[in-house]
Amino acid sequence: MTGRRAWLRTAVLAGLAPLGGRVLAAQEPGLIPLGGRGDVGALADTFSVGRLGERTVPLDNDEAIRKLELGLKCPCPCGLDIYTCRTTDFTCTFSPESHKEIMGYVQGGRSADEITAIFVEKYGEKALMAPKAEGFNLAGYLVPGIAVLMAGTVLTLVLQRRARVAAAAGAFAAPSNAGLPQVGNATPDELERLRRAMADDA
Amino acid sequence: MTLLGTFSLWVALLLSVWGTVFAFAGGWRTRPDLARTITRSVHAVFACVLVASLALWKGIISHDFNIEYVAAYTSRNLPGYYLFSAFWAGQRGSLLLWSLVLAIFASLAQLLTGRRHAQMLPYVAGVTSAVQAFFVLTMVAAANPFDRLPYTPFDGRGLNPQLQNVYMTIHPPMLYFGYISTTIPFAFAIAALLQGKLDTGWIHAIRKWTITSWIFLSVAITLGMKWAYVELGWGGYWAWDPVENASLLPWLTMTAFLHSVMIQEKRGMLKRWNVALVAASFFLTIFGTFITRSGVIQSVHSFAQSNVGTWFLSFLIVAGILTYTLLYVRWPRLEPEVPLESMVSREAAFLFNNVILVGIAFSVLWGTVFPIISEWVTGTKITVGVPFFNRVNAPLGLGLLALTGIGPLIAWRKASAANLQRQFIFPVITGVSVLGALLAAGMRDGYALTSFALAAFTFGTIVQEYGRGVRARMRMHREDVFTAIGRLVARNRRRYGGYLVHVGVLLYFVGFAGQAFVVQKQANLKPGESVTLKSPFGYDYTFTHLGISQYKQANRMTSAASTRITRAGKPHGVMTSEKRQHFTTDASGNEVPSFEPSTEIGLRTDLREDVYIVFAGAIRGADGLPSEEASYRININPLVMWVWIGCLFLFIGGIITMWPGSGATALASERKGEGGYRVAMAGAEP
């Protein structure tokens, strides 16, 4: 990297530090270090570290399972999907259990659709992070798009009609200013006020 | 202090009610004496609410745990800056903050509004006093922050660890500034409707308020995203949570207004639409607060729920009916002054931009409330989460991005084919080139490709607009390029500041598109063990677990897992992710755990990608106790930095557009005159 590039990069990053800064609080040095014990250093304070982590197994990183879990809601009231909950909320006991259940189904040869169906049967349709696109749920998916399309279509038709009418009437050549002061006929005072109003519009 | 605080709130309530009644009566009967008195009452309400706010802060700082609110949200060992922000940690303090900010804005509106719009001020005072009366009434009747406990606990419960974050000291006030400042444009709109003076006067009066409100909302939403990113630990920053959605709704309608108001100013069109948008923005802020406070919709933002939802809903219904009835009554007087000349014009592009912005707002609102509607219709509970919102909103968002690039390329009134060809050729080439390059590089994600291509197209538009302006100045005034850029922006702040805002918007889309390429891995590592991960930019990262250290820090016990990182074989620093157990003290001075242990991520960020490490937990050792073996979740999140840079552009561009002073040029005035701009002079009957 050239010197100029390095300088620019440093300057940009320094300027952005307040927005993109690292989590400084997480990097603070300790005040009262406590020694560990045991082969891999058993922790001295067993309480504050929270619920113990689960040993990772290869299926934890399976992309198909991750995608499946992203579509299934955790049974706890967090509102998150199973994957996000189990990898974020380390106090939740539901999502790790659901994950184990899913891994069990996968090892048992069940497909993603079958596993999804099992969860829907068990918890109801709210087990899905997005409702199936069928029945009344179609309204959920389609209404916004239809509303925008309809609004766009109506707007297009109305504007086309108005533009045609206005063009036919020659409105643009000599706009009708009924009820409004004409700029050309305005008094000096009115013109000054108009100038001020326009100056504000910058 | 609690007595003083409660007393101040009662006085503020009486003054607000008095101000509401006499403001409308004074405005109606054209009584300048009443108008002057009402202005003073607005300032007096501000003084009362300020006294109440200081009383609450005094209670918090002096650890007066006999005050229920202080006991619920603070503790003796809470660091000082969080004592300050604990003011808005709960429902009751948030309402007081709302009231305080509204009082500030109401006073400023009276002080800063020029003489040209002074006739509207009594009605403006009436509306702000009515809104203030509602908030103060809600506090004194249902959520008084000064309620006392029947006993005095030795220590408070402490502040939720997720709120002990620097972004939570600024995000809520910024959001409230954004929310509450929409009251002022709303008040001017009501004043214009009541007075029947529906020319551009009220639009000019609120210009800076609307931009201020929009800037606050933009920055606040982004700060909330940043907080979610660094504090919640799931690796993203936007989850379509109902409360996030609630903050987005007024931002979308305000953005629509900032565009459509230009059509009213330049062409005298869309008067009804603009009044409706200003009112909708205000009501959506109230709706957002209703969503946040009522608990009617499940949300991760459960910090401040209570029973005041019914109050907000009632206010929303009553104020909504009154406002839209008034709009209906004035409907005939809001006729457009000139018709649209062509479908291929900037006016039309702005209209379609409005359709999409309001369409997205509707879509977000629809998705947020659809679980309730579905349960009501079918009796079945459903979840509407991230996949739903992404599927429904991504096409609309991309349409908006496209219009962001298209709008400035089309001339006002009517664009010719030759004009369109000349204008579009460079941006289209830019967008297609980027698309081709990304396809050649192997990118295949449809949404990401579209986002990058449209962002490039929009960027091409902006570069072209700046380029033409700068070249013209260099040619006409013999200026060097930097002087030309500076003067170009200074002479037409609104236009070129607006383009900077557009740069910000496209950078957000670039950041959002990066989410398609997140890679992540879970691993449990003993000290000295490593795991590798390949980033989307092709770097090989190695993460080596160094160990877990435990120590006391301020009001918590920290377990910190440290990881040494190399990127492409070169050292990339040491990162630390933590588990924190906060505690308070009991009467004997013993430390008592408060809240569940929380997690703090480790983050290393640059322009390309973020390394994001989460210490998921310690692994049980052979002796059954937690060991230094750690369970990690590691993410490489590409392009996240561009979201925060986008916010910076939004902020700078917004400030430029509203920077005081005359930046108008004779040329701009001439152009406006040519564009058919007509002004109904103050006092002239339409």
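Let me start with one pair of residues in chain B, where Val519(B) stands opposite Ile636(B) in strand β10(B). Please keep in mind throughout that what we have here is a predicted model.

That pair belongs to the contact between two strands, since β1(B) and strand β10, residues 626–638 of chain B, pair in the antiparallel sense over seven bridges. A further pair to look for is Asn524(B), whose bridge partner in β10(B) is Ser631(B). Strand β10(B) also pairs with β9, residues 609–620 of chain B, again in the antiparallel sense, and over 10 bridges. There you can find Tyr612(B), with Asn635(B) as its bridge partner in β10(B). If you follow the chain between these two strands, you will see that β9(B) and β10(B) form a hairpin with five residues between them, and that Gly624(B) in the turn has a positive phi of about 85°.

Now let us look at the whole sheet, which is open and has four strands in the order β1-β10-β9-β8 of chain B, with antiparallel pairing. Which strands stand at the edges? They are β1 (519–525) and β8 (602–605) of chain B, and each has a single partner strand, so one side of each is left without a neighbour in the sheet. Neighbouring strands of this sheet are turned by 15° against each other on average, if direction is ignored. As for β10(B), 13 of its 13 residues are buried, so this strand is largely enclosed by the rest of the structure.

Just past that strand comes a residue with a backbone angle I would like to point out. Leu639(B) is found in the loop between β10 and α19 (641–658) of chain B, and it has a positive phi of about 65° although it is not a glycine. For context, most residues other than glycine have a negative phi. Is Leu639(B) buried or exposed? It counts as buried, because 25 C-beta neighbours lie inside 10 Å, and the cut-off for that is 20 or more.

Ala554(B) can be set beside it, as a residue other than glycine whose phi is near 45°, a positive value. Its place is in the loop between β3 (540–553) and β4 (556–567) of chain B, and with 15 other C-beta atoms within 10 Å, Ala554(B) is partly exposed. A third loop residue in chain B is Gly114(B), found between α5 (91–112) and α6 (121–142), which counts as exposed because it has 9 C-beta neighbours inside 10 Å.

Let me step back to the domains of chain B, which is divided into domain 1 (1–159) and domain 2 (518–641). The centres of these two domains, taken over C-alpha atoms, are separated by 43 Å, and yet 10 residues of domain 1 of chain B are in contact with nine residues of domain 2.

What about the nonpolar interior? The largest nonpolar core has 220 residues, and of these Val124(B), Phe188(B) and Ala189(B) touch the most other members. Helix α9, residues 201–232 of chain B, gives the most to this core, with 20 residues. Ala189(B), leaving aside its neighbours within four places in sequence, is in contact with Trp202(B), Val275(B), Val278(B) and Ala279(B). There is also a second, separate core of 23 residues, which includes Cys85(A), Cys92(A), Ile115(A) and Phe119(A).

Those last names take us to chain A, which has seven helices and zero strands, and in which buried residues make up 25% of the 202 residues. Chain A is divided into domain 1 (58–127) and domain 2 (133–172), and the C-alpha centres of the two lie 42 Å apart.

I will finish with one helix of chain A, α2, which covers residues 63–70 and in which Ile65(A), Leu68(A) and Glu69(A) are buried. Seen down the axis of α2(A), the buried residues fall within an arc of 95°, so they line one face of the helix. What covers these buried residues of α2(A) includes α3 (82–86), α4 (94–107) and α5 (112–123) of chain A. On the face of α2(A) turned away from the buried side, you will find the exposed residues Glu63(A) and Lys67(A).

Methods: Residues are numbered from 1 along each chain as its sequence is written. Chains are lettered from A and ligands numbered from 1 in the order in which they are written. This is a predicted model: local features need pLDDT of at least 70, side-chain atom pairs count only at pLDDT 80 or more; totals for chains, interfaces and linings use all residues. A residue is buried if 20 or more other C-beta atoms lie within 10 Å of its own, exposed if 12 or fewer, and partly exposed in between; C-beta atoms are placed from the backbone. The arc is that of the directions from the helix axis to the C-beta atoms. Two residues are in contact if their C-beta atoms, placed from the backbone, lie within 7 Å. A nonpolar core is a set of buried Ala, Val, Leu, Ile, Met, Phe, Trp, Tyr and Cys residues joined through C-beta atoms within 7 Å. Two strands pair if DSSP finds at least two bridges between them. Axes are lines fitted to C-alpha atoms, for helices over the stretch in contact, and angles run from 0 to 180 degrees between N-to-C directions. Domain bounds come from an automatic or database domain assignment.
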